[in-house]
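Student: Hey, I've got a structure open and I'd like to chat through it. Can we start with whatever term I'll need along the way?

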Amino acid sequence: MTEPLFSDNALQELQRNLDRHDHGASSHWRQMHQDYRYRDGRFEGLNGFGDPEPAGAWPRRLVHRWLQRPFRRIGRGLGDFRTLDGIGARIAAIQERAYNLDILRQVLTVAWLSERLGPDFARLRTILVIGDGFGTLTSLLRSACPAARIVMVNLTKTLLVDWLYVARLDPGIRMCLAPDAEALDRALADAGVSVIAIQADDAGLLAKVEVDLAINIASMQEMGPETVGLYFDTLRARRDGRQSLFYCCNREEKRLPDGTVSRFSDYPWRANDTLLVDELCPWHQEYYIVHPPSYRPYEGPHRHRLVRLVTDAPSSSPYGDIHGGTVDRGNYAGSR
Ligand SMILES: C[S@@+](CC[C@H](N)C(=O)[O-])C[C@H]1O[C@@H](n2cnc3c(N)ncnc32)[C@H](O)[C@@H]1O
């Protein structure tokens, strides 16, 4: 295969691969996808990556809004929050779903990144989303950073969901699936392509992409260490001498069904990565439920870290770094 696949061809390829074993699927994800079905344009058994609940009647929407107050209070301290909040609401309306915490969390993340990176945020050219869900973050970034190209990588079953939700937002979008290296080269060379989808089994291809910013939210915590290592390796394999920024927000520790323990501090950070922020994520410690209206802590603390990763490739150009930022906290415990 040598061409990137667009619209129906991409959908057919993803559907053909739905029953293929996703090697990057941890025991957690094999369990989550057990009841997954896609037939005649309808999904069944979508588990583990958020809830695309319908918006519902106004009392339900009001309860969401009321329960979101503590999260919106955090947003008030972030310059772009109001604008992004409006974009989040528009995405929910177009995709016909509730503006719930799954969307609001991503809105807060993007507002926070915009605040931290300042003018560099608008200069990002390639953003990698590892493990989206219902295309929420990709949809948001499409609107918030129209000049950037988004590459999204996910397990095939979830990638099909991401694809359909992103396409629903913008039916005219030029989005393609890159199933091999040659197709990816062509997709990257085509300035008109704004979203490139890659199946997790093909994640090694990402070494070809010069990623300015990679984002992973609540996803590495459910991967095995080899898979996490592969993503770090591809981000470090830049040929242009620049360093990729990586925003990583995950549970500090999570035990997967097969007994594997995923630990944030064990991800392959390096002592010479430049740590910009490292703290518990303020908006990712508690969630709410609508019935009965209440807050619950997640099963463990979530840490977020913004880091500039050192690259393994020899610099082919003078070292250039578009990414500014100041170190917030120096308690860098993750090197191994
Ligand atoms: C708990 S969901 C989080 C979804 C979303 N990021 C959020 O914050 O709500 C984890 C996501 O990671 C994806 N995922 C699991 N294993 C993956 C892998 N090996 N490569 C890429 N994505 C993966 C899942 O399909 C799912 O989309």
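Tutor: Sure. A residue is called exposed when its relative accessible area is over 50%, buried when that is under 20%, and partly exposed in between. Keep in mind that this is a predicted model.

Student: Okay, so is glutamate 96 buried or exposed?

Tutor: Glutamate 96 has a relative accessible area of 63%, which is over the 50% cut-off, so it counts as exposed. You'll find glutamate 96 in the loop between α5 (81-94) and α6.

Student: What's its phi?

Tutor: The phi of glutamate 96 is near 55°, a positive value in a residue other than glycine. For background, most residues other than glycine have a negative phi.

Student: Which residue in helix α1 has a positive phi?

Tutor: Look at serine 7: its phi is positive, about 25°, although it is not a glycine. Serine 7 is in helix α1, which covers residues 7-16. Its relative accessibility is 47%, so serine 7 counts as partly exposed.

Student: And glutamate 13, buried or exposed?

Tutor: Glutamate 13 is in helix α1 too, but its relative accessibility is 9%, so it counts as buried. Its side chain makes a polar contact of 2.9 Å with the side chain of arginine 16.

Student: New topic: the ligand. How many residues surround it?

Tutor: There are 20 around the ligand, and the closest are Asp132, Asn154, Thr158, Ser219 and Tyr231. By class, that shell has nine nonpolar, eight polar and three charged residues.

Student: Which helices and strands supply at least two residues of the shell?

Tutor: α6 (101-117), β5 (149-154) and α11 (225-236) each do that.

Student: What about polar atoms, where do they sit relative to the ligand?

Tutor: Arginine 105 has a polar side-chain atom 2.9 Å from an oxygen atom of the ligand. For asparagine 154, a polar side-chain atom lies 2.6 Å from an oxygen atom of the ligand. Glycine 131 uses its backbone instead: an N or O atom there lies 3.0 Å from a nitrogen atom of the ligand. The ligand exposes 600 Å² when taken alone, and the protein buries 95% of that.

Student: Switching again: how many aromatic pairs are there?

Tutor: The count comes to 16 aromatic pairs. In one of them, phenylalanine 232 and phenylalanine 246 sit edge-to-face, 5.4 Å centre to centre with 90° between the planes.

Student: Why does that pair tie together separate parts of the sequence?

Tutor: Phenylalanine 232 lies in helix α11 and phenylalanine 246 in strand β9 (residues 245-251), so the pair ties together parts that are 14 residues apart in sequence. Both of these phenylalanines are buried. Ring pairs also link Phe232 and Phe246 with Phe264, Tyr267 and Trp269 into a cluster.

Student: Which charged end sits over the ring of tryptophan 269?

Tutor: That's arginine 305, with its charged end 4.6 Å from the centre of the ring. Elsewhere, the charged end of arginine 72 sits over the ring of tyrosine 99, 5.4 Å from the ring's centre.

Student: Last one: which peptide bond is cis, with omega near -10°?

Tutor: It's the bond from histidine 291 to proline 292. Proline 292 is in the loop between β13 (286-289) and β14 (294-297). In general, most peptide bonds are trans.

How values were computed: Residues numbered from 1 in each chain as written. Predicted model: local features only at pLDDT ≥ 70, side-chain atom pairs only at ≥ 80, totals over all residues. Heavy atoms only, no water. Near = heavy atom within 4 Å. Polar contact = N/O pair within 3.5 Å; in protein donor to acceptor, adjacent residues only side chain to side chain. Areas by Shrake-Rupley, 256 points an atom, 1.4 Å probe, with all protein chains shown as cover. Helix = DSSP H or I, 4+ residues; strand = E, 2+ residues; numbered from the N terminus. Nonpolar A, V, L, I, M, F, W, Y, C, P; charged D, E, K, R; others polar. Phe/Tyr/Trp six-rings, centres within 6.5 Å; stacked < 30°, edge-to-face > 60°. Buried < 20%, exposed > 50% of the residue type's maximum accessible area, 1.4 Å probe, protein only. Lys NZ or Arg CZ within 6 Å of the ring centre and 35° of its normal.
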